[in-house]
Amino acid sequence: MDKTHLVDRSRREFLKVSAAAGGGLLISLYLPGCERAEKAAAPGAPIVFEPNAFVRIGTDNTVTVIAKHLEMGQGTYTGLATLVAEELDAAWPQVQVEGAPADAGRYSNLFWGPVQGTGGSTAMGNSFEQMRNAGALARQMLVNAAAGKWEVPADAITVRDGIVRHDASKREAGFGELVELAAQQPVPETVFVKEPDEFRLIGTHVPRKDGKEKTNGTAIFTQDVKLPGLLTAVVAHPPRFGATVKSFDAARAGKVKGVVDVVAIPTGVAVLDKDFWSAKQGRDALSVEWDEAKAFKLGSEEIMGEYKRLAAKPGAVARKDGDAEQALVKAARTVEAAYEFPYLAHAAMEPMNCVVKLDAGGCEIWNGEQFQTPDQAAVAAAVGLKPEQVKINMLYAGGSFGRRANPQSDYVLEAASIAKAIQGKAPVKLVWTREDDMRAGYYRPLYYHRLKAGLDQAGNPVAWQHRVVGQSILRGTAFEQAMVKQGVDETSVEGASNMPYAIPNLTVDLHSPEMGVPVQWWRSVGSTHTAFVVETFIDELAAAAGKDPVAFRRALLKDHPRHRGVMELAAEKAGWGKPLSEGRGRGIAVHESFNTYVAQVAEVSVHQDRSFSVDRVVIAVDCGVAVNPDIIRAQMEGGMGFGLSAALTSAITLKDGRVEQSNFHDYTVLRLDQMPSVVEVHIVSSAEPPTGVGEPGVPPIAPAVANALYAATGQRFYQLPLQLKT
Amino acid sequence: MIQLKINGTTHELDVDPNMPLLWAIRDVVGLTGTKYGCGLSLCGACTVHIDGQAERSCVTPVSAAQGKAITTIEGLDSKVARAVQSAWEKLDVVQCGYCQSGQIMSAVSMLARNPRPTDDDINTAMSGNICRCATYVRIRAAIKDAARALA
Ligand code: FES
Ligand code: FES
């Protein structure tokens, strides 16, 4: 998701700041679910205090935070709980987290309008005020309850670590004791939230809420769902994109022990059995004849060839400052380069899967659910229900990197169509094998970039022409209208069209050819390729100008203090300029994505056999207020490592329309022995509103490594994965 | 009938002898802590201990595991395992968590044999376990932390 078209509505909706009195900010608030606090509890129901849609407090002192965002590794559950617990003044151990149901009325992503979903590194940014308000409101109602009970003024009451206290009379109570009374309090129209200097949890290290379950094997992922009568479905998919089932013979599949059903669905043929392995045996025994009349049959080489031809002509303009054409003519010297990027699979550790139960009452889904509102709508249309009849249970996702927010709801719809094909006679767990997952498409698109820049006599860049060629991720999706403007899909050019370097004559244009390969956002989206191009090309210009890469960038970043800030910090911590031994090199890259600024300095060693290793990476990040510093560090480490896979080794290639890779032996990803042995993360201290960290750690590593290899060897790199000439 | 001794309990399973142990553990016995990631011994998500050795259950037919002591993440209960799990928690190693059962099973098996692993030992023992979230820095640190705690 691109930030440029998503409106920050959190302030408007929740904040009307009044003068602070006695510490904190007085805010008047609207929070969904508030009305429920005053609703009479059903007789016999356990007493709980549920002041709004995000907090529930039980008589046992447990504070349950209802997380509207998916936990797919980025620490959202911990982050959202931190915000609530901070304002509630809860003790961290008493807080637990529960995934919210699908209900955009209460749980929408405030940066996306009336849509519930997780992505674009927005979880923290859009929730920062909403979750704090939710905690502050609950706290105020607990305080009011205690004030009533003890017959003391509310402002004489303090709350700390889950204990409500009136010092003068030495009375105190845990939250649990106050639950019943708190639930009867009128909902205040205004509450105080803390000033940053009052934070006790924000900015400190709180243990991850999912740490224990994910360490002892009890965390439940979609793959682990058990339901009475559940059948596992394994699907035979066509060998080429766009092919369909012509006919199939289930005779041999039916002979596999236990196979319960074999059904045709729009995306292939599904075999159902009680366990995965038997279903897979059945699937493998199927013989299917495919109709390939509309199948996509090009290979990666032909696609790249087509893109190169297209790149000779101007595309749709994404940015135009001054007159680059003219300036190039006048330039003292010009530099040209072209770059190639392959398709990439997300290859989350948990292959895609989804559980669907269809019955007379509606549809219930269990999924590592990243895109509630679009998935609800798609499934409802497919099975003939209203969206609100599609209930979604959001489970942990074993990684996603964007894949589980599929604009076509592909695998979710596939699961629903299987449940429908067997008339809902059993709940269905669709399980993709690794091979299915790798070959299902929805890749980071293949891209071609062409650049030309001009320097003046003094070595200052005066012109920059950047052309991008690659499939549009958003065309044909529900997001096209909002995020494709004048033929420019923002997700194709982000990171290029808003590149920060001060160059007076600059154009960025785009071709978005149609290809039959399904494409999708992949962790950090456009920046996965634009950052590489901009940051290696600017390095090349620095060399052409005979300047130090950091000094060259610094001069061009005058108006971008946050870019400069992270760059200077990373350079300083990395010992920029200190000599390295023969065969070693240091490179830098700085890039903003999702309003978070990251610089990385990589140190590489080139070995005798021309292999190389990345030994050390120093990362500086500016993401505004650092809510959970340790999670920020973890995301920088992990994001960098994820980007390093693409830099060093991963590529999806097509031959005659068939995907050549199938599993981790040929779609190779970073392993432990390739992870730099030193990874340092430095967080810029900032009072700006917090921005996301799930994606921004990814983009800078590939260019930083390429620039380091250049420093070590003199070779420039125009392709990922990086290959050192022998 | 196949007899499997998993975490000290014997289970009688009416399954094909070729069924990989992974699916017997997950879909028949119902222990879901052991994960499927590749099915080809490429990722380590399915790692269990068979007679104390880390093995990939996705390529181990149940027939080959009969009569042996199988331990899954749910059955870990040694001093080494406790040290590893508490180091994992202390350093907040996990992200999505899906690979972590396998990581921990590999780490425990290594530390049980080699209480003071070098960086190279860790690379050798752990490079068969993929983590797409790239939690590798913390995996290394947690193994060292556990080794220190056990020393
Ligand atoms: S699932 Fe067994 S090694 Fe990957
Ligand atoms: S923690 Fe996500 S794959 Fe390892």
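Modeller: Let's fix one term up front: by relative accessible area (1.4 Å probe, protein chains only), a residue is buried under 20%, exposed over 50%, and partly exposed in between. The model is predicted, so local features need pLDDT of at least 70 and side-chain atom pairs count only at pLDDT 80 or more, while totals for chains, interfaces and linings use all residues. Residues are numbered from 1 along each chain as its sequence is written, chains are lettered from A and ligands numbered from 1 in the order in which they are written, and side-chain values use heavy atoms, with hydrogens and water left out.

Biologist: Fine. What makes Lys308(A) fall into its accessibility class?

Modeller: Its relative accessibility is 38%. That sits between the two cut-offs, so Lys308(A) is called partly exposed.

Biologist: And why is Lys308(A) with Glu340(A) called a salt bridge?

Modeller: The rule wants a side-chain nitrogen of Lys or Arg within 4 Å of a carboxyl oxygen of Asp or Glu. The closest N and O atoms of Lys308(A) and Glu340(A) are 2.9 Å apart, so the pair passes. The two residues are 32 apart in the chain, with Lys308(A) in helix H9 (residues 300-310) and Glu340(A) in strand S17 (residues 333-341) of chain A. Those labels come from DSSP runs numbered from the N terminus: H or I over at least four residues for a helix, E over at least two for a strand.

Biologist: How many salt bridges does the structure hold over all chains?

Modeller: There are 46. Some form a network, which links Arg584(A), Arg586(A), Glu603(A), Asp615(A), Arg616(A) and Glu680(A). As background, side chains of opposite charge can pair when their charged atoms come close.

Biologist: What makes Arg148(B) and Asp145(B) qualify as a salt bridge?

Modeller: Their N to O distance is 3.8 Å, which is within the limit, so the pair counts. Arg148(B) and Asp145(B) are three residues apart in helix H6 of chain B, so about one helical turn separates them. Arg148(B) is exposed because its relative accessible area is 57%, whereas Asp145(B), at 14%, counts as buried.

Biologist: How do you know that the salt bridge of Asp630(A) and Arg138(B) joins two chains?

Modeller: Asp630(A) lies in helix H19 of chain A and Arg138(B) in helix H6 (residues 136-150) of chain B, so the pair spans both chains. The N to O distance is 2.9 Å, and both residues are buried. Arg138(B) also has a salt bridge with Glu637(A), where the closest N and O atoms are 2.8 Å apart. Across the interface of chain A and chain B the rule finds six salt bridges.

Biologist: Which helix gives the most to the side of chain A that touches chain B?

Modeller: H19(A), with nine residues. By class, that side of chain A has 26 nonpolar, 20 polar and 16 charged residues; Ala, Val, Leu, Ile, Met, Phe, Trp, Tyr, Cys and Pro count as nonpolar, Asp, Glu, Lys and Arg as charged, and the others, Gly among them, as polar.

Biologist: How many residues does the contact take from chain A and from chain B?

Modeller: It takes 62 from chain A and 49 from chain B, contact being heavy atoms within 4.5 Å. The buried area, meaning the accessible area (1.4 Å probe) that two parts lose on being put together, summed over both, is about 4,500 Å², with 57% from carbon and sulfur atoms. Trp277(A), Met349(A) and Leu672(A) lose the most area in chain A, together 19% of what that side buries.

Biologist: Why is Gln520(A) called buried or exposed?

Modeller: Its relative accessible area is 0%, which is under the lower cut-off, so Gln520(A) is buried. Gln520(A) lies in the loop between strand S26 (505-511) and helix H16 (527-544) of chain A.

Biologist: What makes the side chains of Gln520(A) and Asn406(A) a polar contact?

Modeller: A polar contact needs a pair of N or O atoms within 3.5 Å; within protein, one must be able to donate a hydrogen and the other to accept it, and residues adjacent in sequence count only if both atoms are side-chain atoms. The distance for Gln520(A) and Asn406(A) is 2.9 Å, so the pair is inside the limit.
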